[in-house]
Each structure stands twice: as structure tokens, then as C-alpha cells.
Amino acid sequence: MEIPFLALLALSIPVCAIAGLVLGLSARSKLTLLQRRVAALEGELRLVRAQAGPAAFTTDQQAPVSAPDAPAEEAPAPDLLPEPEAEASRPAGSVPAIQSAPPQPAPPGRDFEEALGSRWAVWVGGVALALGGIFLVRYSIEQNLLSPATRIMLGALFALALIGAGEWLRRRESGIALPGVPNANVPSILTAAGTCGAFAAAYAAYALYGLISPATAFVTLGLIAVLTMVASTLHGPILAALGLLGAMGSPLLVSSDEPQPWALVIYLAFVVLPAYGVARLRLWRWLALAAASGVLIWTLLIFILDAQDALPAMVHLVLQTGLAAPVLVALPYRHVSDAECGIDRAASIVLLVFAFAAVVVSGTVAAGDGRAIFVAAMVLLMLATGIRFTPAAPAVAWAALTSVGALLIWPIRADLGGTPENLFYQSGDLFAVRPYAVEVYLGLALLAPGIIAGAALLRVARSPDLRLPAVAWYAGAATIGPLLALVAAYWRVADLERSLSFALIAGLLALAFIAAVRWLGRRDGAEGTPIRLALGAAASAALAALALGLTFALDRGMLTVAFALTALGTAWVSERTGLPALRYAVGAIGLIVLGRLIANPTIVDGDPGPVLINWLLWGYGVPAVAFLAASRLLERSGRDRIVQLTESLGIVFAAFLVFFEIRHALHAGDPLAQDFSLLEAGLLATESLVFAILLTRLDLRRGDPVYRWGSLIFKIASLALCAGGLLLVENPLLTDDTIPGGPVFNALVPAYLLPSLLAAGLALVERRARPRFYSLSSAILSLLLFSAYVGLEIRRLFAGPELALWRDFTQGEHWAYSVALLVTGILLLGLGLARNNRFARLASAAYLVLAVLKVFIVDLANLEGVMRALSFIGLGLVLIGIGLVYQRLLAHRPSNAAIPS
């Protein structure tokens with residue numbers, strides 16, 4: 001038995017030496033600090049005497065005795081000398097105020113030394129003590145020197161000794177630390193090491209030797225953790241973190257053949273209360289947040305312990321939410337006014353996680369009949385916290401989220417075996433609605449959102465000093481919450497089918513929001529920003545409820561029309577009332593309509609109806625007119641982003657109307673047909689060019705990004721359709737497709753001639769509104785399409801409806817191409833000279849060059865007899881005529897004048 005005693009003696013010698021060294025260094029540093037303070041006071045006193053004179057003092061004029069080792073004479077610091085202006089304005093004989101001595105700078109180069117000697121040494125020493133106790137126990141185990149009970153007892157005594165030493169040092173020295181390093185606290189380190197030893201001893205008694213039962217170990221570890229957190233009020237935050245970690249981790253160290261979730265619920269409530277108390281007492285907010293996070297993690301583990309019964313998890317969530325809300329929100333902000341409060345993000349996030357956990361637990365089948373009470377309790381806790389305390393205003397939205405989430409995954413149906421089902425846990429294919437479950441479900445769906453909305457609007461109406469973020473949270477919870485609850489109930493009960501009952505409920509909800517608007521408008525301070533924001537939110541919610549009612553009652557085709565008319569009505573109400581929120585509602589409805597049309601472009605399933613007068617006209621035409629009219633109404637109060645969005649949606653719907661009507665007419669009532677034809681490409685190019693011309697002209701009248709970018713998009717689309725579709729992919733010379741129509745009036749007219757004329761018109765419009773490149777590209781496109789039309793029409797006259805290149809060309813056809821080139825060149829030249837257009841003259845030159853090459857290469861090789869002669873005669877006459885025209889033009893101009901460009 002001498003070996004353990006010698007080990008303890010050997011361990012105590014360095015510990016005592018380190019403690020003595022630390023105490024000596026602390027005493028020396030404090031003595032040096034006192035000497036500096038005495039010297040500074042002496043300097044101030046000498047300065048006062050020199051400025052005021054001997055007559056101003058009645059005390060003994062002997063110099064004070066300096067402290068030992070202090071300098072005998074010390075000049076006053078420069079910061080203590082009086083300013084000349086202040087000295088001149090001071091009355092004679094007055095005593096100046098004594099300024100505090102400036103802080104003495106620390107000697108350079110000692111930061112690392114102080115950190116190494118004071119902070120790191122103490123921390124390493126604490127770790128060494130803890131490891132020393134562990135190694136001592138390990139040695140006794142390896143040598144079989146002591147019985148298990150004795151080992152546990154010695155470990156506990158060693159832990160108590162460390163804790164006692166820490167408390168003794170705290171009371172004696174009140175924190176042994178070098179100046180400038182307050183965190184290096186020896187008592188705290190010793191107490192933390194003792195706490196670790198206590199945890200180790202209790203766990204070893206249970207897990208290694210079986211000296212105590214699981215219940216006893218569970219309670220013992222919890223008590224150690226709680227006492228550790230209580231001791232942290234004296235020893236600092238590190239000990240608090242250690243205690244909280246031990247409290248949250250202790251249940252994981254104790255196992256049992258029969259898990260007891262109720263014991264865990266009681267234990268967590270028992271250990272989290274001291275954590276919250278210490279956090280409030282020492283103002284350690286991080287400790288409260290960490291404790292709340294720990295119990296949230298344990299929620300999942302509690303449910304895993306007994307997956308067949310969710311009641312312990314539900315009680316745990318309600319209890320922990322009721323404890324966290326006062327500590328995180330109520331106590332810190334109970335005396336803070338609304339005008340001074342911002343949103344507490346940390347507390348709001350914690351409450352959001354509580355709400356999410358409540359939704360998950362309530363959606364399980366194991367929740368049983370207590371589900372409704374649990375959801376109601378969580379909603380009321382969140383609502384009360386958010387309504388009473390402005391920093392937790394998001395909690396009102398979390399209350400709405402809890403109710404909506406619970407409604408979304410509530411098990412209201414059962415399979416053939418009677419097993420309840422919900423949105424995520426389905427085991428069968430046939431489900432029947434459970435009457436009792438639906439009654440409770442609909443009761444909660446009606447009461448919870450209504451209570452939340454009423455409380456939130458009442459809070460806004462009675463608190464004119466609320467900040468905008470809080471008002472936004474209250475207004476959002478009061479309006480979006482009931483709407484989402486209605487959608488969730490419609491989804492779960494009516495299964496997204498037509499339901500007049502839910503349409504009626506949506507109408508009543510719209511009336512309730514309208515009543516709220518009227519009530520808020522009559523309140524005092526209705527012109528203030530908070531109530532105006534709530535007014536806008538309630539009015540928008542009324543319109544949204546009306547749109548939902550239309551959704552529940554009408555077929556899909558009429559739904560699009562109803563939404564569009566709702567947007568137009570909203571714009572009219574916004575213009576009449578001046579509520580900014582309604583403008584955003586118009587844009588939101590427009591995006592909904594756009595999404596609806598993207599999801600079902602044909603408006604109705606199957607054939608939309610006859611050509612022109614069909615569902616496409618209603619589904620796209622009415623929204624186009626409605627949103628263009630809404631943009632004009634909204635523009636009366638300023639052209640902002642919402643106006644631009646609304647007008648853009650109107651243009652998009654109009655373009656889609658023409659697009660789908662073209663496809664519907666060309667594909668026998670199937671707008672989504674996969675094939676593509678020459679006529680369709682030409683008509684779509686015509687549509688793009690018409691929209692480009694209109695938007696460019698609008699941009700000329702008043703510059704706006706909507707018109708500018710819209711015209712550019714339509715022009716790019718027309719270029720792609722013409723170059724890629726008409727000239728390459730669907731070119732009848734390459735496809736050998738039959739050209740519908742007669743020799744003159746056929747598909748080539750809308751496919752090539754009409755786009756050519758429109759492209760020329762676009763070029764003329766762009767000359768006044770766009771850079772030269774824009775009009776030049778449109779003019780080139782026009783010439784290409786016109787040349788393609790002339791060439792294809794000649795081919796149609798000579799070869800019939802099939803125009804493939806591999807078919808033979810006659811001599812008359814060759815001669816007609818030459819004539820067409822010459823005529824086109826002459827026309828362009830005349831246009832260029834008449835309109836003073838250089839581009840037309842250069843284009844005519846290009847056509848004439850092509851005609852020359854055609855005659856001298858192609859016609860010379862392929863034409864014979866009179867055709868060849870006529871070709872060369874015509875070319876010669878044209879060229880001579882052009883020369884005479886230029887000669888007469890030059891003869892009538894001054895010699896120094898150039899041909900107009």
C-alpha cells in the first residue's frame with residue numbers, strides 16, 4: 001500500500017510548486033501595478049500645486065513619500081499639460097480639474113511571454129491534473145492494488161479535492177491572473193478538472209464495475225451536471241459549457257433494457273432549468289441557445305425510444321417550448337418598447353425549429369387522438385410569444401406554419417385495414433375518410449388560422465410604433481397563413497377536385513379580409529405606415545381568396561380567365577385606393593397565370609375548339625387584354641417595375657395567342673403537334689416581325705426597357721425563323737415539299753413575300769431608333785427573303801408545286817432568273833436614287849453583278865438560240881441605261897459635288 005501513497009506524494013509536489021509560483025507572480029505583478037499608480041498620483045499632485053500656487057493649499061507642503069522602488073521624480077505626462085487657450089480663460093486662483101493618468105503601455109515583447117506563462121501554463125496544468133487522476137486510477141487497476149469500490153471512492157475524493165482547491169483559491173485570491181489576461185483563471189481550471197473527475201467516477205461506478213444501477217447513475221450524472229452549471233456562476237462560462245455538455249450527454253452513457261422516455265422527459269426539464277437560470281443570471285445568451293438546441297436534438301431520440309407512442313415527445317416539445325420562450329424572449333425584452341425592438345433572429349430561429357419539430361411529430365400515426373391538443377398548444381405558445389413580444393414577431397408566422405404543416409400531413413384517412421394514413425406514411429392503395437378525424441381536422445383548420453389572423457391584425461392596429469419588419473411578419477401571418485391552410489385542407493379533403501364547399505369557404509374568407517380592410521381603415525392612425533401595410537396585405541389576401549374560390553369551383557379553362565380578370569380588378573382597386581401592396585398583388589397574379597399557362601398551354605385537355613373562336617382565344621386573349629389594361633391603370637401612379645412586369649406579361653400572352661392560334665389552324669386542332677412546315681415558319685416569322693415593329697415604334701414614342709428588349713427578342717426570333725427555317729430547314733428547294741396553292745397565290749406569299757415586306761418596314765423604323773447595324777441587318781433580311789420569293793415563284797411557274805433542285809431547269813426558267821436579277825437591280829437603283837439611299841444603290845450594284853455573272857456563265861452554257869441572244873441583249877440594254885442615268889445625274893451636279901450617300 002506504499003506505492004499509491006508515494007504516487008500521490010510525487011504528484012502533489014509539482015502541483016504545490018506550480019501553485020506557489022503562480023501566487024508569487026500574481027503578488028509581484030499587483031505590487032508593480034500599485035507602484036505605478038502611486039507614481040502617477042504624485043505627478044498629478046505636483047502639477048496641481050505648480051499651477052495653483054502655494055496659497056491654494058492649506059495642507060502640508062512637504063513632498064509625499066514615494067513608494068518603494070518608485071522613481072523619486074517623474075515629469076508629468078504630455079497629455080496632462082493644460083492647453084494655452086484653456087489656461088488663459090481660467091479665473092485666477094482657480095484649481096484645474098485633475099485628469100486621470102494615461103494607461104501605462106505594456107513593455108514590448110512580453111505578449112507571448114505572458115500568454116505562455118499565465119494562460120497556456122494554467123490550461124495545460126488543468127489538463128495535466130485531470131490526466132494525472134486518470135493515470136493514477138489506471139495504475140491502480142493494472143496493479144490490482146485496490147478494490148473497485150475503493151478506486152471509485154478515491155476518484156471521487158480526488159475530484160472533490162480539486163473542486164475544493166478551486167473554491168479555496170477563488171475565495172482567497174478572487175481570480176489568480178496576470179494583468180491583461182483575465183481568462184487564465186486557476187480556480188476555474190481546477191474546478192473543471194474536478195468536475196471531469198466526478199463524471200468519470202460516476203460513470204465508472206456504473207459502466208465498469210456495476211456498483212450502481214442505471215437509474216442511480218442517471219440521477220447522479222444529472223446532479224453532477226446541474227451542480228457544475230450552478231458552480232459556473234462563480235467560475236466562468238467554460239464550466240457552464242462543461243456542465244451543459246455533461247447534462248445533455250449523460251443519458252447517452254446510461255443504457256437500459258426497458259427505455260423510459262417519460263423519465264428522459266422529466267430529466268431534460270430538470271437539467272435545462274438550471275441552464276436557463278444560469279444563462280439569465282450571468283447574461284450568457286449562448287448557454288440558453290445551446291440548452292434549447294440540446295433539447296431539440298433529444299426530441300428525435302425521445303420519439304425513437306418509443307415509436308409507437310408519440311405522447312412523450314409531444315409533452316417534451318410543449319414543455320421545452322414553454323421554458324425556452326420566456327428565457328429567450330420574455331425576460332430579456334419585457335421592459336423594451338415596440339419602437340426600440342428589432343427582430344431577435346437567434347430566438348426566432350430556435351422557435352422555428354421547435355415549430356418544425358412539432359409538425360413532424362404531429363404528422364406521425366403514433367400521435368393518436370392527442371394530436372389536436374398538441375398542435376393547439378404549440379400554436380398558442382408560439383402565438384402568445386410573438387404577439388406579446390415584438391422581437392419574436394416571427395413566432396406568429398411559426399404558429400401559422402405549425403397549423404398549416406399539421407393540416408398538410410394530418411392522417412385523416414385509413415386503409416382497408418383501418419390503419420391511419422397521412423401524406424408520407426401510406427401502406428395501401430384504397431383509403432377511406434375517417435369521419436371523426438375529418439371533423440377534428442376541419443375544426444382546427446377553421447379555428448387556428450382565424451385566431452392567428454385576428455390576433456396579428458389586432459396587434460398591428462393597436463401598436464402604431466411597430467417597426468416595419470415586425471409589421472411585415474404580423475401582416476404576413478394574418479394573410480398568408482389562412483390562405484395556405486385553406487389550400488392544405490382543399491388538397492387533403494377534396495383531393496384537388498372541384499368543390500363548391502371549399503369555393504364557398506374561400507368566398508367567406510375573402511369577405512372576412514374585406515371586413516378587416518374596412519375595420520383597419522377606420523382605425524386611428526390609418527394613414528400610418530404599419531396600418532397601411534396591413535391594409536395592403538389584407539386587400540391582397542381578399543383577392544387571393546377570391547381567386548382560390550374560382551380555382552375550387554371552375555374548370556381549368558375558366559380559371560385562367562378568372563385569374564386575369566382578378567388582376568385587372570386588383571389594378572383598378574389599387575389605383576382607386578393607392579395601396580402599394582395591391583400593385584405587387586397584380587404582378588403575383590400575373591406570374592400565377594403565366595405558370596398556369598406553362599403547365600397547360602392548350603388551356604383545356606384535348607382540342608381547344610374551332611379555328612379562331614376557341615379556348616385559346618379566351619385563355620390567352622383575355623389575359624393579354626386584362627394585363628395590358630392593368631398596366632395602364634397602374635401607370636397612372638408611376639411607371640415602376642410592377643408596371644413593366646404587368647405590361648410584359650400582356651405582350652407575352654398576346655404573342656402566345658397568335659403563336660398557338662397559328663399552330664391550331666395548321667395542325668388540325670393540335671397546337672402541340674410535333675411537325676413543322678414552311679407555311680408555319682413564314683407565319684411565325686411574320687408574327688415576330690409585326691411585334692418587333694410595334695414595340696420599336698412604342699420605344700420611339702417613349703423609351704422603356706420593356707419595348708427595347710421586347711423588340712430585340714422578337715427580332716432575334718424572326719432572324720432565327722427566316723434564316724434557319726425559311727432559307728434552310730423548310731426551303732422547298734431542299735425538302736421537295738409540295739407548295740400549297742395556285743401558281744401565283746400560294747404558300748410562298750405568306751412564307752417569303754410578306755416577311756420580306758415586314759422586314760423592310762422594320763428597317764425603316766429602326767433607322768430612327770436603333771444603331772445603323774440594326775436597320776442594315778433588317779434590310780439585308782428583307783432582300784434575302786424577297787430574292788428567295790422571286791426565285792421560288794419563278795421555279796413554281798415553270799416546274800409546278802414540287803421545286804426540288806434535282807429536277808430539270810428549262811431555258812425559259814434560266815432566262816427568267818436573269819430578267820428577275822436585272823429588274824430587281826433596276827428597282828433598287830431607282831429606289832436608291834429617289835430616296836437618296838446609298839444602301840439601295842449598293843444593293844442594286846450587287847444584283848447587277850450577279851446578273852452579269854449569270855448571263856456570262858450560266859446562260860452562255862445553258863441557253864441556245866433566241867433565248868441566249870435575248871439574255872445578252874437585255875443585259876446590254878440595262879447596263880447602258882444605267883450608265884446613261886449616272887451620266888445625266890453627274891451632268892446636273894456641280895463638278896465638286898459627290899453622288900448623295
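**Close-up 1. F627 and F653, two buried residues.** In this predicted model, F627 and F653 are both buried. Welcome to the aromatic pairs of this structure, which come to a count of 13. With ring centres 5.6 Å apart and planes at 55°, the rings of F627 and F653 make a tilted pair, because tilted covers whatever is neither under 30 degrees (stacked) nor over 60 (edge-to-face). Look next at where the two residues sit: F627 belongs to helix α20 (residues 615-635), while F653 belongs to helix α21 (residues 641-666). The pair therefore ties together parts that are 26 residues apart in sequence.

**Close-up 2. F773 and Y774, an edge-to-face pair.** Here the ring centres of F773 and Y774 are 6.3 Å apart, and the ring planes meet at 80°, so this pair is edge-to-face. How exposed is F773? Its relative accessibility is 61%, so F773 counts as exposed. Y774 is partly exposed, with 24% relative accessible area.

**Close-up 3. Helix α26 from end to end.** Helix α26 takes in residues 772-799, 28 residues in total. From the first C-alpha to the last, α26 reaches 40 Å, close to the 40 Å expected at 1.5 Å a residue. Which residue follows α26? It is G800, and its phi is positive, near 90°.

**Close-up 4. An aromatic cluster of four named residues.** If you enjoy finding rings, pause at this view: Y620, F656, F659 and F660 form one aromatic cluster.

**Close-up 5. Arginines over rings.** Two arginines can be followed here, each with its ring partner. The charged end of R371 sits over the ring of W410, at 5.6 Å from the ring centre. For R388, the partner is F389: R388 lies over the face of that ring, 4.6 Å from its centre.

**Close-up 6. A547 and its surroundings.** Our last stop is A547, a residue of helix α17 (residues 529-553). Is A547 buried or exposed? With a relative accessibility of 5%, A547 counts as buried, because buried means under 20%. Leaving aside residues up to four places away in sequence, A547 touches L559 and F563. The view can also be used to find L565, which is 18 residues from A547 in sequence. In space, the C-alpha atoms of A547 and L565 are 9.7 Å apart.

Note on methods
Residues are numbered from 1 along each chain as its sequence is written. This is a predicted model: local features need pLDDT of at least 70, side-chain atom pairs count only at pLDDT 80 or more; totals for chains, interfaces and linings use all residues. Side-chain values use heavy atoms; hydrogens and water are left out. Helices (H or I, at least four residues) and strands (E, at least two) are DSSP runs, numbered from the N terminus. The expected span of a helix is 1.5 Å times one less than its number of residues. Rings of Phe, Tyr and Trp (its six-membered ring) pair if their centres lie within 6.5 Å; planes under 30 degrees apart count as stacked, over 60 as edge-to-face and the rest as tilted. Buried means under 20% relative accessible area, exposed over 50%, partly exposed in between (1.4 Å probe, protein chains only). A charge sits over a ring if NZ of Lys or CZ of Arg is within 6 Å of the ring centre and within 35 degrees of the ring normal. Contact means heavy atoms within 4.5 Å.
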